[in-house]
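Work through the exercises below with the sequence and the coordinates at hand. Each task is followed by a solution that goes step by step.

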Amino acid sequence: MELKPGLSALVTGGASGIGKALSLALGKNGVFVTIVDLFEDRGEEVALLVEKQNKAFHPDRNEPSSLFIKCDVTSRTFPRCYPLTQTEFPRLLEDIQCFSAQEWMAAAFDKHLETFGGLDICINSAGISSHVPFQKDKTDGKDSWRRVIDVNFLAVVDSTHLAIQAMRSQKKTGVIINLASSAGLYPMQIDPIYSGSKGGVVMFTRSLASLKSEGIRINTLCPEFVHTEMGSKVNSKLVSLLGGYIPMEMVVNGAFELIRDSSKAGSCLWVTNRRGLEYWPSDAETKKFKVKSLNSKGRYSYKLPSKIEKPDAFDKIVVHTFDHNFRRATKIVRERLRSPIKSDHILVKILYAGVNASDVNFSSGRYFKDKNPPLDAGFEGVGVVVEVGDLVDHLRVGAPVALMLFGCYAEFMMVPSKHVMPVPRPDPEVLAMLTSGLTASIALETAGKMVSGEIVLVTAAAGGTGQFAVQLAKLAGNKVVATCGGEKKAALLKSLGVDRVIDYRKEDIKSALRKEFPEGVNIIYESVGGDMFHTCVNALAIYGRLIVIGMVSQYQGEHGWKPLNYSGLCEKILAKSQTVAGFFLLHYAKLWKEHLDRLFDLYSSGKLKVAVDPKKFLGISSVADAVEYLHSGESLGKVVVCIDPSFTQPSAKL
Ligand code: NAP
């Protein structure tokens, strides 16, 4: 998740220590923050500071961008009661009176959702240490250790539960970080109750890792001693034995790494001075106790083929002369399979290759300044590993993988192992998530700065990438308008939840937009170009962002792609503080893995659908037909070529 203005976070224990530092750091990134704490003065002060930081990002916002809610984290829906003596009963009544319904945790979450319209991040930081040593406690723990377990463990369980409910109700992705401690990883003799409660947080949180399939990432952060009010009570000799206090900045960096990197879903990050940021337990340690998942027979399990034939030679598509007409530019070439394989390489058998509008830009040489034919064509494929080099230890024969490299219109590919992405299944739906899905996911987040509550327009919306853009915009809580040509496409878009479908074969896009969205739309995911681009610029609201994804209507002209003039564009976007942003997926390779995981999680939890065009293209000889079909404008969803129709696998749906 990119930390960006407009996200919202709820932080328990946000009035001081680590909770305060994290609240302020989130505020610095323009994130709306609710601070939940018992201490009113300090909490109000932090909320005020966050509000000030937020001003720079949201100058026109009239509603608050930060809230303080006075609340005992142990009061989920009612102040918690213990068995009481006669003298304690009046005290409990006093407690109940001093907490109004607003101050219970469930109400704090409700207030947050009501104010900010969603919950993206929940950080459970409230924690206390024992003030009476366990061995000397004569009170049966009523005033000491029961309270520590209540605040440090039960309240974290309650708050996590509330956060999951909130995130599920919005059908959005979210991150929960539970603050434990290194005392939750290793015993701490000076405070066994603290250590036990934090150990509980670690195991509770790690046990919820599978929530990532719903797009909810839950992690534990385990700092050693930090110089906070609680940390300063610790024996200074013990602190120096551990290398001194950890800088707060390091804890913040750790939390932000967990927020940003979705591949870390479910992990536990140990923050120490001696070892830095270290994920715990290590992969090697995890392997020792890992058993097969109970769900391994589930919807997305993939049975590794026991044997894969390795022929002496294979077919591939090569651009032999630059031409915007893909069929004229390409031919099928037979190549020998080299042996032995290089030590850091992998041999992949491609099962499905993805067809993209830009295949014709590749064949026309538009992507290259200094390369000449012959060039291997095709941008993406999914398949299985056939052979691995001696130095490759993270992939085995039969494993399903994805490739996003030039040359995927081929029966086999020999590639450096660092370019291979393991995937759950080598099927057409996963293939569609590569170029098409990633473009929508990354472009809307980066160039579109998409949050929620806005109007998002998607052109060519029933195509390979458009179908992802409409759904992601909807999942993020936006109103979605989509353009397409044809009844089948309109029906698909309605089934994907689009609020307003404009079928340009039946109605005029310009008039529909002008009439129904007189204030304009906020984000436009534009991939058609030509007249459509002009229509879109005119339909953009103040502060609107138009993402130039491509210009498919211009790619196939009589003599190839001719650049257009956009006279008056600067004047238009200046007058309305608008942005026209280009987006090219190859520049965002560092985000591919994170976004692919996210797309697959959404898909496997049923929140995201993937439409694959039902027309069958079988074998390498059908690639040119498939490219022409995409450019006919008749395709629906992702166009896919099944490279080896004889390869049987349970996932094939073509
Ligand atoms: P696609 O959307 O599956 O297929 C193209 C669709 O574009 C057609 O079905 C058609 O739908 C529409 N279209 C409008 N005018 C057209 C014309 N004159 N000729 C043919 N089709 C026309 O294709 P895609 O591969 O997903 O690519 C869509 C766009 O995204 C392209 O512009 C492509 O270059 C771009 N893209 C960019 C990136 C990047 O990194 N920037 C990555 C992937 C894709 P309607 O008639 O329903 O509108």
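**Exercise 1: a salt bridge and its surroundings**

At 49% relative accessibility, R328 counts as partly exposed. This value, like the others here, comes from a predicted model.

Task: Find which residue R328 meets in a salt bridge, and decide whether that partner is buried or exposed.

Solution. Step one is the contact itself: the side chain of R328 meets that of D323, with an N to O distance of 2.8 Å. Step two is the accessibility of the partner, where D323 has a relative accessible area of 16% and is therefore buried, since buried means under 20%.

**Exercise 2: salt bridges between elements**

Task: State how many salt bridges a search of the whole structure finds, and then describe the salt bridge that K316 forms with D376.

Solution. The search of the whole structure yields 24 salt bridges. In the one between K316 and D376, the closest N and O atoms are 3.1 Å apart. Because K316 belongs to strand β9 (residues 313–319) and D376 to strand β12 (residues 375–376), the pair ties together parts that are 60 residues apart in sequence. K316 is buried, its relative accessible area being 10%, whereas D376, with 30%, is partly exposed. The pair also belongs to a network of salt bridges that links K316, E335 and D376.

Task: Identify the elements that hold E516 and R500, and give the accessibility class of E516 and of R500.

Solution. E516 and R500 form a salt bridge whose closest N and O atoms are 2.6 Å apart. E516 sits in helix α15 (residues 509–516) and R500 in strand β19 (residues 500–503), so that this pair, 16 residues apart, links distant parts of the chain. E516 is partly exposed at 36% relative accessibility, while R500 is buried at 18%.

**Exercise 3: the sheet and the helices on it**

Task: Give the order of the six strands in the open sheet, and name the edge strands.

Solution. The six strands follow the order β19-β18-β17-β20-β21-β22, and their pairing is parallel. At the edges are β19 and β22 (579–582), each of which pairs on one side only. From one strand to the next, the twist averages 15°. Within this order, β20 (residues 521–526) and β21 (residues 540–548) run parallel and are joined by five bridges; I524 has L546 in β21 as its bridge partner.

Two helices can then be placed against these strands. Helix α12 (residues 428–445) lies across β20 and β21, running at about 145° to β20. Helix α15 packs on the sheet and touches β17 (455–458), β18 (479–484) and β19, its direction making about 155° with that of β19.

**Exercise 4: a helix pair**

Task: Describe how α12 and α19 pack, in terms of the angle and the distance between their axes, and state which handedness the crossing has.

Solution. Two packed helices are described by the angle between their axes and the distance between the axes. For α12 and α19 (residues 592–604), the angle is about 115° and the axes are 9 Å apart. These helices are therefore roughly perpendicular to each other, as angles of 65 to 115 degrees are counted in that class. The crossing of α12 and α19 is right-handed. Among the residues in contact, α12 contributes V430, M433, L434 and L438, and α19 contributes W592, L596, L599 and F600.

Definitions and conventions:
Residues are numbered from 1 along each chain as its sequence is written. This is a predicted model: local features need pLDDT of at least 70, side-chain atom pairs count only at pLDDT 80 or more; totals for chains, interfaces and linings use all residues. Side-chain values use heavy atoms; hydrogens and water are left out. A salt bridge is a side-chain nitrogen of Lys or Arg within 4 Å of a carboxyl oxygen of Asp or Glu. Helices (H or I, at least four residues) and strands (E, at least two) are DSSP runs, numbered from the N terminus. Buried means under 20% relative accessible area, exposed over 50%, partly exposed in between (1.4 Å probe, protein chains only). Two strands pair if DSSP finds at least two bridges between them. Axes are lines fitted to C-alpha atoms, for helices over the stretch in contact, and angles run from 0 to 180 degrees between N-to-C directions. Contact means heavy atoms within 4.5 Å. Angles under 35 degrees count as roughly parallel, over 145 as roughly antiparallel, 65 to 115 as roughly perpendicular and the rest as oblique. A crossing is left-handed if the near helix is turned anticlockwise from the far one by less than a right angle, and right-handed if clockwise.
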